[in-house]
Amino acid sequence: MDVAVIGATGFVGRYVVARLTDAGYVVRAVSRRGTRLPGWGNAVVPLAANVETANGLGAALTGVDGVVHLVAIPRESGGRRFEAVNVGGVRHVVDAAHAAGVRRLVHVSILGVADDPKLRYLHSKWRGEQIVRRSGLDWVVLRPSLLFGEGDGFFNLVRVTLKWWSPGIIAIPGDGRTRFQPLSVEDLAIAVERSLVEPDRAGSVLELGGPEHVTYRQIVDRVMSATGMRRLKLGLPIPLLSALTAVTDRLLPAFPVSHDQISSLQRPNYTDLDAYERAFGRRPRPLDLSYLGRGA
Ligand SMILES: NC(=O)c1ccc[n+]([C@@H]2O[C@H](COP(=O)([O-])OP(=O)(O)OC[C@H]3O[C@@H](n4cnc5c(N)ncnc54)[C@H](OP(=O)(O)O)[C@@H]3O)[C@@H](O)[C@H]2O)c1
């Protein structure tokens, strides 16, 4: 089977490419520059294509048996907009799949997608899902909770926030009791492979989480214990953080969290504890952040 992975050089993409090549697939690894990552062998063919413009997508998808779509931005920056990447990008991938005659599409979405324009990222992911679900392709939508693993975005961001933005005290949005269900990126990669090759899965939306529910406060505790950093946790009212991030969005783009992310962080991000096992017949790995202590 030949498979195109769009967003292959990113955090999730690297694990998905490894999983697919280990299983014997030939992978077209698509990113904007067509970068070849160290460790990729002959079974990986790097290709350049851009989902915002559709440039290169036709060539990337011609002749493959399935497509994995992983491209999304979690916050807007540097002129990159949710509408163009998370919505328009999906439309271009669906159109290119139709034009190339590819039937199978695995689309990675996110738990907590919302048909609510006030939650801009989650709404853009919702709209992307709708395009996939109405595509007429043999699609599978995977909705994972937070993903952990070396090179991850979220837990490393908490580590960076502790290290560089939290001298003695770390701000916790609201009461910090919003629940999450972190899933290992390796378990997501297994879910992607199975969704690609098992025909009965077409037309499913699968909510996926790991084996425990953890609050934001507990996540901060876990990151502190993995890294040996100690900080006092201080709950800050959401309206205060919203006002602060409305300013930092404009004046301090490096601030670790955006205005939109403060709202999203208040939304529960979990599903049934046995959701992954029900879908894939195996237990997902427990939350293990030891890689953070190695500076990953
Ligand atoms: N990370 C998480 O915790 C998490 C949790 C739930 C769901 N998800 C979902 O999982 C998916 C993958 O996330 P991720 O964390 O792996 O993202 P990521 O690390 O930012 O990777 C994004 C990938 O997309 C490529 N890309 C970006 N813009 C592109 C464009 N216009 N055209 C073509 N390729 C482009 C990037 O390569 P270049 O920049 O080199 O082009 C990179 O390979 C996303 O849909 C995200 O919503 C992630």
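A residue counts as near the ligand if one of its heavy atoms lies within 4 Å of it. The model discussed here is predicted.

Q: How many residues surround the ligand?
A: Among the closest to the ligand are Thr9, Arg32 and Lys125. H1 and helix H4 (120-133) each supply at least two residues of the shell. The number of residues that surround the ligand is 25.

Q: Which residue places a polar side-chain atom 2.7 Å from an oxygen atom of the ligand?
A: Two other contacts involve the backbone: an N or O atom of Gly7 lies 3.3 Å from a ligand oxygen atom, and a polar atom of Val51 is 2.9 Å from a ligand nitrogen atom. The side-chain contact at 2.7 Å belongs to Lys125.

Q: What distance separates the end C-alpha atoms of H1?
A: H1 has twelve residues, and at 1.5 Å a residue these should span 16 Å. The computed distance agrees with this expectation, because the end C-alpha atoms are 17 Å apart.

Q: Which element gives the largest share of the largest nonpolar core?
A: This core has 35 residues, and Leu188 and Leu142 are among those with the most contacts inside it. Elements that give two or more residues include strand S1 (2-6), H1 (11-22) and helix H6 (185-197). The largest share, seven residues, comes from H6.

Q: Which helix is included in what covers the buried residues of H1?
A: The buried residues of H1 include Phe11, Val12, Tyr15 and Leu20. Their cover includes the strands S1, S2, S3 (44-48) and S7 (147-148). The helix included in this cover is H6.

Terms used: Residues numbered from 1 in each chain as written. Predicted model: local features only at pLDDT ≥ 70, side-chain atom pairs only at ≥ 80, totals over all residues. Heavy atoms only, no water. Core = buried A, V, L, I, M, F, W, Y, C linked by side-chain atoms within 4.5 Å. Buried < 20%, exposed > 50% of the residue type's maximum accessible area, 1.4 Å probe, protein only. Helix = DSSP H or I, 4+ residues; strand = E, 2+ residues; numbered from the N terminus. Expected span 1.5 Å × (residues − 1). Contact = heavy atoms within 4.5 Å. Polar contact = N/O pair within 3.5 Å; in protein donor to acceptor, adjacent residues only side chain to side chain.
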